[in-house]
Amino acid sequence: MLATNGIKPLASFTTLGELEVYLSKGSVDVIICQICPACEAGLLLLSVLNRMHKSGKLEQLPSVFWSGETSMIELARRGDDNCTFGLPAIGQTAWIKCMGGVAMTALESLARLAKAAGIHVEILHQCGAIALNDAFRAALLIHAKNDAEPAQATFDSLAEDEIISALTTGEGLRFVFQPQFDLLSRRVVGAEALVRWKHQRFGDIPPSVMIPLVNHLGLDLLLFSLVEMWAIKVMLALKHENYRIPIAVNASAKTLCTPQFAERLAARMHGVGLPTHLLKLELTEDVPEPDELLLSAALTAIRAKGFQISLDDFGVGAATMNLLVNISFDEVKIDGSFVRALGEYSSSGKVISGFINWARLLTSNVVAEGIEDESTIPMLHRLGCRVGQGYALAHPMEFDDFMVFMKKQN
Ligand code: C2E
Ligand code: MG
Ligand code: MG
């Protein structure tokens, strides 16, 4: 089938060892492996690729296609716990879908972990030429996207004085606003302010490069003040048009723990005639605060002044569970990686549903981030998530565009 589809050159191996030798000699685009009960090589392959890539033995990570015989296996519920979520009731049986004797949900979890490590895995649910062609097309798109994305190393020579100069003069900095929507009515219920930096030599520097640099230089409070200025500008313009939606600004724990942060912020809001509840502070986890008591006290002081506090990127990062248990938040934002996995992996719905239930028990509102696919919106709503943001709803926009967008929405 591969040969008739014009795919060449082809090579075939029966052991991981042989494949490893072949991979170390040159680059390979796709590895197709059979998942079967007697052989675990297809599963172990991912960690081999990861190890080779990390040690520099592999220039390019190949895409991996899993294929295998699918079957339904009977699962009988043991009567040893009270949890019925997603499982049959005690005494009943359920059927789980398997490929090569491995539960599909287990394969999906592995594929998700591999994706986080940069390895694209396609599970070929059908074994015809069409499914194979679709998988090749998806792999090609992934390779093209990876090639187009500038490597992190490109920015390595960013000088510290360049970011200091950008933050102090404002040169090259822009601030954009991404609306948040009620997922049922599609009304705009808020917006998040995000920074953009256009460098003279490198062009657009992604926040994932810029923010760690800002934090490393201890300039987080300066950045916060700039974003806050723009957030106030938007809030005043919205107030003028009679829209009362909160604007969210990202802030690290270090920023929020600055002495007298709440008092100063409240004074600035009152000074321009804005109520504090219109400003939401999203706690990012990029600089974790080791002193949880200090963080809890700082967040309580901020909330006491009427500001809303949101926990950003919930579900990723080591400390978020702990934070949610020990500190109260007005809102929890489910990280986009879970939301994007919703259409792809069946287990994601259960994970998101668990997050939502937990947040509800702790009286927090839930926002789904990174909604890229329109079809996940009704799914999220069914799971109990009322608010969301993402490219499927609206991209981040410049101040003027955002105001035009708001007027059109109304
Ligand atoms: P975040 O606070 O979780 O912001 C959401 C990020 O998701 C933004 O990335 C936004 O552009 C992106 N996004 C929105 N919709 C989608 C979607 O449908 N798909 C995908 N893949 N992404 C989507 P951005 O602007 O690159 O910012 C990345 C992170 O950098 C932010 O994550 C935040 O932690 C940090 N950041 C951005 N602006 C600021 C800022 O002004 N101050 C601070 N302290 N951190 C900021
Ligand atoms: Mg955020
Ligand atoms: Mg986030």
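**Ring contacts, helix packing and two magnesium sites**

The charged end of Lys233 sits over the ring of Phe399, 4.6 Å from the ring centre. This contact, like everything below, comes from a predicted model. Phe399 also takes part in a cluster: ring pairs link it with Phe175 and Trp230. In total, nine aromatic pairs were counted. One of them joins Phe181 and Phe405. A pair of aromatic rings is described by two values, the distance of the centres and the angle of the planes. For Phe181 and Phe405 the centres are 6.2 Å apart and the planes stand at 90 degrees. Planes over 60 degrees apart count as edge-to-face, so this pair is edge-to-face. The two rings come from distant parts of the chain. Phe181 belongs to strand 7 (residues 173-182). Phe405 belongs to helix 15 (residues 399-409). The two residues are 224 residues apart. Phe181 is buried, because its relative accessibility is 3% and the limit for buried is under 20%.

Helix packing was examined next. Two packed helices are described by the angle between their axes and the distance between the axes. Helix 5 spans residues 160-169, and helix 6 spans residues 207-216. Their axes come within 10 Å. The axes cross at roughly 90 degrees. Angles of 65 to 115 degrees count as roughly perpendicular, and helix 5 and helix 6 are therefore roughly perpendicular to each other. Helix 5 contributes Glu160, Ile163 and Leu167 to the contact. Helix 6 meets these residues with Met210, Leu213, Val214 and His216.

Two magnesium ions were then considered. The protein donors of the magnesium ion (ligand 2) are Glu192 (OE), Asn250 (OD1), Glu282 (OE) and Asp312 (OD). These donors lie 2.0 to 2.2 Å from the ion. Along the chain they follow the spacing E-x57-N-x31-E-x29-D. Glu282 lies in strand 11 (residues 279-284) and Asp312 in strand 12, so this pair ties together parts that are 30 residues apart in sequence. Both Glu282 and Asp312 are buried.

Asp312 also bridges the magnesium ion (ligand 2) and the magnesium ion (ligand 3), which lie 4.0 Å apart. The magnesium ion (ligand 3) is coordinated by Asp312 (OD), Asp313 (OD), Glu369 (OE) and Glu369 (OE). The distances run from 1.9 to 2.4 Å. The donors of this ion follow the spacing D-D-x55-E. Asp313 lies in strand 12 (residues 308-314), and Glu369 lies in the loop between strand 14 (365-368) and helix 14 (376-382), so the pair ties together parts that are 56 residues apart in sequence. Glu369 counts as buried, at 10% relative accessibility. Asp313 is partly exposed, with a relative accessible area of 27%.

The backbone has several further features. Asp313, a donor to the magnesium ion (ligand 3), has a positive phi of about 55 degrees although it is not a glycine. Asn242 is another residue other than glycine with a positive phi, here near 70 degrees. Asn242 is placed in the loop between helix 7 (220-240) and strand 10 (247-252). With a relative accessible area of 58%, Asn242 is exposed. A cis peptide bond joins Lys8 and Pro9. Its omega is about -5 degrees. Pro9 lies in the segment before helix 1 (16-23).

How values were computed:
Residues numbered from 1 in each chain as written. Chains lettered and ligands numbered in written order. Predicted model: local features only at pLDDT ≥ 70, side-chain atom pairs only at ≥ 80, totals over all residues. Heavy atoms only, no water. Donors = N, O, S within 2.8 Å, 3.2 Å for Na, K, Ca; no water. Helix = DSSP H or I, 4+ residues; strand = E, 2+ residues; numbered from the N terminus. Buried < 20%, exposed > 50% of the residue type's maximum accessible area, 1.4 Å probe, protein only. Phe/Tyr/Trp six-rings, centres within 6.5 Å; stacked < 30°, edge-to-face > 60°. Lys NZ or Arg CZ within 6 Å of the ring centre and 35° of its normal. Axes fitted to C-alpha atoms, helices over the stretch in contact; angles between N-to-C directions. Parallel < 35°, antiparallel > 145°, perpendicular 65-115°, else oblique. Contact = heavy atoms within 4.5 Å.
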